[in-house]
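This report concerns the strand pairing and the interior of one protein model. Please consult the sequence and the structure shown here.

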Amino acid sequence: MRVLCVAVFAALAIVGCSSQPPAITISQPLVMGSEVLSAGITADAPIINGEQAPAATTRVYNDRDVPVTIHYQYFWYDQQGLDIPHGAQQQLMRVPPHSSSELLSSSGSVNARQVRIYISL
């Protein structure tokens, strides 16, 4: 029993002292309120393009007979999941009826590896 306790303590000490901080992943890259879905708007998850100056694109779709104006904002994160401030404000996009539009954002940082977009009305 004593050997088991020492082994467990040693394993916890090794894991707790690792030099690599745990990475935080963005498990939900697309966040939309229920009012957006009720308005007939759906969207694909953002796609990151480029390594040197990453940019993201998100395609949104309007299934209704009328145009819908949406608000959106991108948030960028580094490899460990830490926020990268990039100064972008909330944007507006008018999505035509029975059509799609593409939302764009540039990270402004070579360290950006993950992105999240919030879409609201």
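The following paragraphs treat the nonpolar core, one buried polar residue and the pairing of strands.

The model is predicted: local features need pLDDT of at least 70 and side-chain atom pairs pLDDT 80 or more, whereas totals for chains, interfaces and linings use all residues. Residues are numbered from 1 along each chain as its sequence is written, and side-chain values use heavy atoms, without hydrogens and water.

The largest nonpolar core (buried Ala, Val, Leu, Ile, Met, Phe, Trp, Tyr and Cys residues joined through side-chain atoms within 4.5 Å) has 19 residues. At least two residues of this core come from each of strands S2, S4, S5 and S9; S5 gives the most, with 5 residues. Strands are DSSP runs of E with at least two residues, numbered from the N terminus. Val60 is among the residues with the most contacts inside the core. Beyond four places in sequence, its contacts (heavy atoms within 4.5 Å) include Ile70, Leu103 and Ile119.

Asn62 lies in strand S4. Asn62 counts as buried because its relative accessibility is 1%, the limit being under 20% relative accessible area with a 1.4 Å probe, protein chains only. A polar atom of the Asn62 side chain lies 3.3 Å from the backbone oxygen of Pro96.

S5 takes part in several antiparallel pairings; strands pair if DSSP finds at least two bridges between them.

| Pair | Sense | Bridges |
|---|---|---|
| S5 and S7 | antiparallel | 5 bridges |
| S5 and S9 | antiparallel | 7 bridges |
| S5 and S6 | antiparallel | 2 bridges |

Tyr74 has Ile117 in S9 as its bridge partner. S5 and S6 form a hairpin with 5 residues between them, and Gly81 in the turn has a positive phi of about 90 degrees.

Methods. Buried means under 20% relative accessible area, exposed over 50%, partly exposed in between (1.4 Å probe, protein chains only). Helices (H or I, at least four residues) and strands (E, at least two) are DSSP runs, numbered from the N terminus. A polar contact is a pair of N or O atoms within 3.5 Å; within protein, one must be able to donate a hydrogen and the other to accept it, and residues adjacent in sequence count only if both atoms are side-chain atoms.
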